[in-house]
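Here is a briefing on one protein chain. Look over the sequence and the structure before reading on.

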Amino acid sequence: MEWHRASLEEVIKELGSSTAGLSNGEARLRLERYGPNRLREPEKESRLLKFIKQFTEFIILVLIGAAFIAGLLGEWVDSIAILAIVVLNGVISFSQEGKAEKVLETLKKLSAPKAKVMRDGAVESVDAGELVPGDVIVIEAGDMVPADSRIAKSEFLKVDESPLTGESHPVDKDPGKLEDNLPLADRRNMAYSGTTVVYGRGRAIVTSTAMSTELGRIAGLLEEVKPEPTPLQKKLAEFGRLLVYGAGGVCALIFILGILRGEKTLDMFLTAVSLAVAAIPEGLPAVVTITLSIGVQRMVRRHALIRKLPSVETLGSAAVIASDKTGTLTQNQMTVKKVYLSTGEVLSVSGAGYEPEGSFFEGTKEIEPLEKPVFLKLLHAALLCNTAELNKKDNNNWQVIGDPTEGALLSLALKAGLKKEELHEELHFESEIPFDAERKMMTSIYKDAAGNYHLFTKGAPEMVLPLCASIYTEGLERPVTGESKEGILRANDGFSKEALRVLALGYRVSDEPIDIHSIHSVETSLSFLGLAGMIDPPREEAFLAVEKARDAGITPLMITGDHRLTATAIAKEIGIFRDGDVAVTGEELDRMGPEEFERNIARIKVYARVNPEHKLKIVRAWKERGEIIAMTGDGVNDAPALKEADIGIAMGIAGTDVTKEAADMVLTDDNFASIISAVEEGRGIFDNIRKVVHYLLSCNIGEITTLFLASVLGMPLPLLPVQILWMNLITDGLPALGLAMEPCEPGIMDRKPRPRQEGVVTGPLFRVMVMQGIFMALCALFVYALELYFFKGGLEKARTMAFIVVVYSQMFHVFNCRSERGSVFSTGSFTNRTLNMAVFSILVTQIMLVHIPWLAGIFRVTGISLAQWVVAFAVSVQPLLWMEVIKAARRKEHD
């Protein structure tokens with residue numbers, strides 16, 4: 001049944017209830033039938049299972065297999081070292097991701113713990129979990145609505161539904177029947193679980209509980225959204241498979257060639273295993289994990305907290321950022337931006353949010369507000385016809401207790417230097433006629449020391465203006481004329497076109513006591529003071545952030561539950577909505593077929609009046625286009641789309657716990673600009689991962705080519721397994737960590753986002769890596785053959801020379817990997833201290849390995865002369881020198 005379209009009598013009949021509620025006996029029976037009013041809990045994974053899942057990626061499984069084979073062959077040092085790296089990688093990932101997701105648990109916490117309910121004709125307090133359909137609940141200001149309910153009685157009832165719908169204004173509630181099939185945000189006769197009453201009181205009949213509520217429906221959507229591997233995880237898994245298959249093919253080829261040449265089967269098997277060890281970059285998973293962890297720390301310093309490690313890089317790939325409006329692009333704090341005075345003057349007000357900091361301008365000229373008597377009287381009305389409180393919190397943020405609209409008026413008066421307490425010294429509160437949806441206005445009455453009664457009214461202009469008999473000007477009152485009324489209506493229309501919410505303020509004085517029970521005789525013969533136009537303003541940082549996003553090739557979208565006019569005005573102001581762009585509502589989106597939506601999706605920049613299903617539809621549509629999409633938000637209604645998006649971004653301050661738990665990243669300062677900073681860091685992190693893969697893979701290609709060519713040429717193995725493992729884990733791993741510390745390259749935000757299908761290793765980069773690997777292999781084989789065949793130095797000394805040249809050439813080669821095009825001298829030789837220290841320590845360690853007897857015994861090397869060191873050094877530096885020549889030629893070609 002569509003409860004909002006049914007009359008109250010029909011609702012009561014359908015639910016088998018009454019205005020006096022259920023009996024305790026009937027409530028118990030229904031509790032057995034419907035179950036407790038709690039959200040369904042998912043099955044939880046144990047911490048052990050979560051830890052084990054860290055070892056299920058393909059390349060990790062290959063490393064575990066390699067360690068197992070090495071152990072079977074008696075190579076225990078190799079086996080233990082590989083397993084140690086695998087475990088280290090798992091521990092880092094597990095500890096970084098931290099505690100398990102608690103999305104549905106947090107959703108459950110949003111359900112009010114206690115509820116006031118009519119049972120057996122009396123009001124009693126029960127656990128909210130005991131509520132059943134048909135219960136009559138009593139709600140008042142400060143209460144959280146415990147279940148979806150149909151309003152039965154409203155006494156100026158207002159509910160903040162922004163966490164559920166994105167609506168930035170509290171919604172007036174009324175028990176009247178609604179005819180149309182309206183979205184949630186427009187169902188004024190319904191109250192929804194998880195929303196908060198901010199004003200008035202009322203009664204409502206529970207229509208849905210637990211998973212049948214709108215909050216439960218969102219919980220169900222979250223269950224349907226299955227976590228997918230991030231683009232980086234997919235790329236690395238694909239890369240790992242190609243690497244393993246390629247290495248396996250080469251190893252099999254060498255094994256077959258050896259057998260055909262008459263070599264012993266066992267010897268060729270050991271050679272093939274050595275090649276496999278050389279081919280697989282054992283340190284890659286750990287180095288990538290550490291690179292991401294370093295990125296996490298950098299992002300924390302830029303106010304972005306990463307909850308899931310691979311998401312660090314994903315944000316850098318984002319081509320679309322779909323942002324919620326309320327609280328993300330805007331302050332989620334109503335602010336008076338313009339004031340129309342009864343004298344015809346229009347004032348602009350600076351400042352944003354509730355913080356009472358700002359100035360007043362008439363045109364471009366700054367004015368002193370208290371010097372204008374009309375404005376002073378309007379500010380008196382703004383302060384005194386007001387039940388809200390504006391308080392400064394410990395973190396210097398300002399918080400409104402009560403209606404946000406009234407909070408905006410308090411802030412306006414405080415900006416001018418007025419305080420309610422000072423006015424109360426002269427005027428004492430007598431009575432009040434609260435706001436209601438029918439009158440659309442509110443009146444407060446005060447008494448001065450002389451016994452006069454001062455009446456202040458505020459409300460919708462179309463309701464207040466007809467009640468005004470005069471216009472207040474410079475301490476005098478003049479009659480309302482057709483011309484003056486036309487001017488007021490023109491100003492009201494102008495404010496409305498700017499998406500401002502407009503309130504009219506009126507005033508009158510009476511020397512007779514005022515009877516508030518006769519409302520029509522109270523709210524009459526008012527003197528018009530002016531109009532206040534307010535809006536939930538954009539964050540100041542959002543303007544530059546949107547511009548930077550566009551410069552980086554990122555498409556910003558606005559998705560909100562607010563009205564189209566308001567959303568479009570904000571989107572135009574901050575640069576999201578431009579000429580030729582389109583704004584659609586959720587209702588229009590429902591009417592669009594898949595093909596029509598696909599045709600128009602690139603032009604649609606604003607989605608208004610949308611629900612959680614619409615947000616999911618939008619995110620999925622962009623993903624189907626092959627784009628990487630980031631979704632930001634702070635309300636419960638954003639959580640499913642955040643979880644579905646490639647990366648979900650929650651607001652840390654204004655965001656609900658539900659949204660934070662569903663997100664991959666949390667902004668600790670709720671600043672949209674921090675997203676762009678995080679995108680920059682994400683791009684830098686991917687670049688660093690690519691540099692690490694470039695370095696490790698080219699080094700491994702060099703090692704496997706060295707062994708491959710030696711095997712094909714019938715030469716003894718120039719490198720032993722223990723030497724290869726040392727290079728892969730230490731001499732490759734430490735410089736790779738240094739590359740992970742590289743700062744972002746200049747112009748990184750001038751590039752377009754990477755396509756989703758682009759891997760870590762592109763075709764051109766792979767060709768460069770193969771070339772570099774082969775060149776390093778030729779350098780090693782050159783000194784190996786020179787020592788073995790020309791100088792007759794013996795196999796051990798030749799292996800020592802080859803071992804030194806491979807290690808040292810890799811140390812020089814790491815500087816090639818700092819930039820694909822830039823010279824090692826232009827990137828700044830001393831800008832990466834970590835890398836320089838890693839290279840220096842390995843250069844020194846290699847000398848120790850060769851000349852300290854017990855280390856030389858472990859690595860099966862022998863001491864060499866100074867002349868041999870000079871030869872090794874001269875050959876090792878060649879990859880760096882020749883790559884510099886090639887880079888210079890490329891730069892010249894592109895210039």
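What follows covers salt bridges, one helix, a surface patch and the cavities.

This is a predicted model. The count of salt bridges comes to 32. Two cavities of 30 Å³ or more are present. A nonpolar patch of about 450 Å² lies on the surface.

**A salt bridge within one helix**

- R30 and E26 join their side chains in a salt bridge, at 2.7 Å from N to O.
- Both residues belong to helix α2 (residues 24-34), and they sit four residues apart, so about one helical turn separates them.
- An α-helix has 3.6 residues a turn, so residues three or four places apart point the same way.
- R30 has a relative accessible area of 6% and therefore counts as buried, the cut-off being under 20%.
- E26 has a relative accessible area of 25%, so E26 is partly exposed.

**Salt bridges between distant parts of the chain**

- Side chains of opposite charge can pair when their charged atoms come close.
- R439 and E523 form a salt bridge with an N to O distance of 2.6 Å.
- This pair links distant parts of the chain, 84 residues apart.
- R439 lies in the loop between β16 (428-433) and β17 (441-447), while E523 lies in the loop between α19 (519-522) and β22 (526-535).
- R439 and E523 are buried.
- E644 and K623 also meet in a salt bridge, at 3.5 Å from N to O.
- Here the link runs between helix α25 (residues 639-644), which holds E644, and helix α24 (residues 612-624), which holds K623.
- The two residues are 21 apart along the chain, and the pair again links distant parts of it.
- E644 is buried, and K623 is buried too.

**A salt-bridge network**

- Salt bridges also link K116, E140, D143 and R201 in a network.

**Helix α14**

- Helix α14 (residues 373-384) has twelve residues.
- At 1.5 Å a residue the helix should span 16 Å, and its end C-alpha atoms are 16 Å apart, so the two values agree.
- Is α14 mostly covered or mostly exposed? Ten of its twelve residues are buried, and the helix is mostly covered.
- The buried set includes the nonpolar-named positions V374, F375, L378 and L379.
- K377 and H380 are buried in α14 as well.
- Toward the end of the list come A381, A382, L383 and L384, which are also buried.

**Nonpolar surface patch**

- L253, I256, L257, L260 and V712 make the patch.
- Helix α9 (residues 231-261) gives the largest share, four residues.
- I256 is found in helix α9.
- The relative accessibility of I256 is 46%, so I256 counts as partly exposed.

**Cavities**

- Rolling a probe the size of a water molecule over the atoms shows where empty space is left.
- The largest cavity holds about 40 Å³ of space.
- Which residues line the largest cavity? The lining is made of C699, G702, E703, T706, M776, A777, V806, S809 and Q810.
- Three helices, α27 (672-712), α30 (763-790) and α31 (795-816), each supply at least two residues of this lining.
- Helix α27 gives the largest share of the lining, four residues.

Terms used
Residues numbered from 1 in each chain as written. Predicted model: local features only at pLDDT ≥ 70, side-chain atom pairs only at ≥ 80, totals over all residues. Heavy atoms only, no water. Patch = residues over 30% accessible without salt bridge, like charges linked within 9 Å, V, L, I, M, F, W, Y side chains within 5 Å. Areas by Shrake-Rupley, 256 points an atom, 1.4 Å probe, with all protein chains shown as cover. Salt bridge = Lys/Arg side-chain N within 4 Å of Asp/Glu carboxyl O. Buried < 20%, exposed > 50% of the residue type's maximum accessible area, 1.4 Å probe, protein only. Expected span 1.5 Å × (residues − 1). 1 Å grid on protein atoms, 1.4 Å probe; cavity = no way out; pocket = protein on both sides within 12 Å on 5 of 7 lines; lining within 4 Å. Points joined across faces, edges and corners; volume = space filled by probe spheres on them.
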